[in-house]
Amino acid sequence: MRLQDKKILITGGASGIGLASVERCLEEGASVVMSDLATSKGEALAKELDAKHSGRCLFIPADVSSTTEVDALLNKMQQELGRVDGVFNNAGIGGLAPSTEVTDEDFDKILQINLTGVFRVARAALKIMEKQDSGSIVNCASILGVFGQSQTAAYTAAKGGVVNMTRTLALEYASKGIRVNAIGPGYIDTPLLEALDDELKQFLIGMHPLGRLGRSEEVANAFLFLVSDEASFVTGAHLMVDGGFTAG
Ligand code: NAD
């Protein structure tokens with residue numbers, strides 16, 4: 001078991017990449033806090049997984065755009081499980097619109113969830129991890145953290161911010177035994193892509209040298225590596241899981 005006895009938090013855990021990561025961590029022996037904005041869906045999924053994995057899955061709802069809810073989430077996790085070994089800062093939303101049509105409110109909403117939300121969860125986790133002198137945080141960035149794409153100004157700004165903020169947090173907390181890394185998924189077949197039409201999907205498939213979209217469990221496997229002790233000398237990295245998208 002690669003994560004035996006580890007206590008791991010996964011935000012946005014009720015769907016797509018987050019849900020696959022919850023499942024992989026449970027399979028590898030961790031106790032997992034699944035968190036999400038989608039409370040009834042998350043509760044039902046976590047209940048099922050908890051029964052399947054001998055009481056190791058707990059759902060705690062939180063909106064990552066609220067500091068009060070995020071701080072309460074980390075405090076509750078510490079109370080219930082005693083420690084926080086790993087975090088997947090995965091909650092996120094998409095946003096596709098011509099930049100001239102994006103309002104301040106639209107732009108801020110994406111930044112609040114996809115960038116400040118990542119910082120909020122990391123800050124609350126770091127306060128606990130620095131007392132433990134250990135921990136591993138993995139932030140979900142994107143190929144769009146290093147590449148531009150038309151009509152995604154706020155999303156690319158947020159993901160680019162996540163990539164560089166990850167490096168800063170890695171430097172700042174390395175002396176405390178805490179590692180901070182990012183994952184850069186290519187286009188992954190999750191509900192997030194439902195907004196894209198078939199023509200755009202086909203075009204995007206063609207951008208991946210491996211010739212297909214990624215699967216959630218392929219990103220989950222990269223998370224599993226980075227959060228585990230197998231990655232004990234890896235910090236400040238942005239691991240691409242993108243079928244070769246950014247290799248060209
Ligand atoms: P998804 O829509 O399947 O899952 C996202 C989850 O986040 C949902 O369960 C949703 O309820 C939750 N969420 C949304 N806003 C939230 C908030 N304010 N607080 C708490 N939870 C919230 O999407 P996914 O594709 O699994 O995306 C997961 C992460 O991967 C995101 O950060 C996304 O930007 C990133 N990503 C996805 C792709 C892709 O192609 N699917 C590519 C690169 C990066």
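In this predicted model, helix 1 passes helix 7 in a right-handed crossing, and the two helices pack at an angle of about 55°, with their axes 8 Å apart. Helix 1 (residues 16-27) also supplies three residues to the shell around the ligand, the largest share of that shell. According to the UniProt annotation, which belongs to an unreviewed entry, residues 6-186 are covered by "domain: Ketoreductase".

**Helix 1 with helix 7**

- At about 55°, an angle that is neither under 35 degrees nor within 65 to 115, helix 1 and helix 7 (residues 216-227) are therefore oblique to each other.
- On the helix 1 side the contact is made by Gly16, Ile17, Ala20, Ser21, Arg24 and Cys25, and on the helix 7 side by Ser216, Glu217, Val219, Ala220, Asn221, Phe223 and Leu224.
- Sorted by class, the contact of helix 1 with helix 7 has seven nonpolar, four polar and two charged residues.

**Surroundings of the ligand**

- There are 27 residues around the ligand, and of these Gly12, Ser15, Gly16, Gly92 and Thr190 come nearest.
- Gly16 thus appears both among the residues nearest the ligand and in the contact that helix 1 makes with helix 7.
- The shell around the ligand has 15 nonpolar residues, along with 10 polar and two charged ones.

**Helix 4 with helix 5**

- Helix 4 (residues 104-132) packs against helix 5 (residues 153-173) at an angle of about 15°, and their axes are 9 Å apart.
- Because angles under 35 degrees count as roughly parallel, helix 4 and helix 5 are described as roughly parallel to each other, and helix 4 passes helix 5 in a right-handed crossing.
- From helix 4 the contact draws on Asp106, Phe107, Ile110, Leu111, Asn114, Leu115, Val118, Phe119, Ala122, Leu126 and Glu130, which meet Ala154, Tyr155, Ala157, Ala158, Lys159, Gly161, Val162, Met165, Leu169 and Tyr173 in helix 5.
- By class, this contact of helix 4 with helix 5 has 16 nonpolar, two polar and three charged residues.

**Helix 3 with helix 4**

- Helix 4 also meets helix 3 (residues 67-81), where the two axes come within 9 Å and cross at roughly 35°, with helix 3 passing helix 4 in a right-handed crossing.
- Helix 3 contributes Thr67, Val70, Asp71, Leu74 and Gln78 to this contact, while helix 4 contributes Arg120, Val121, Ala124, Ala125 and Ile128.
- The residues of the contact of helix 3 with helix 4 divide into six nonpolar, two polar and two charged.

**The annotated stretch**

- Over residues 6-186, the stretch that the UniProt annotation covers, the chain is 50% helix and 17% strand, and the end C-alpha atoms are 28 Å apart.

How values were computed: Residues are numbered from 1 along each chain as its sequence is written. This is a predicted model: local features need pLDDT of at least 70, side-chain atom pairs count only at pLDDT 80 or more; totals for chains, interfaces and linings use all residues. A residue is near a molecule or strand if its C-beta atom, placed from the backbone, lies within 6 Å of it. Helices (H or I, at least four residues) and strands (E, at least two) are DSSP runs, numbered from the N terminus. Ala, Val, Leu, Ile, Met, Phe, Trp, Tyr, Cys and Pro count as nonpolar, Asp, Glu, Lys and Arg as charged, and the others, Gly among them, as polar. Axes are lines fitted to C-alpha atoms, for helices over the stretch in contact, and angles run from 0 to 180 degrees between N-to-C directions. Angles under 35 degrees count as roughly parallel, over 145 as roughly antiparallel, 65 to 115 as roughly perpendicular and the rest as oblique. A crossing is left-handed if the near helix is turned anticlockwise from the far one by less than a right angle, and right-handed if clockwise. Two residues are in contact if their C-beta atoms, placed from the backbone, lie within 7 Å. UniProt positions are given in the numbering used here, feature names are shortened, and annotations may be inferred rather than shown by experiment.
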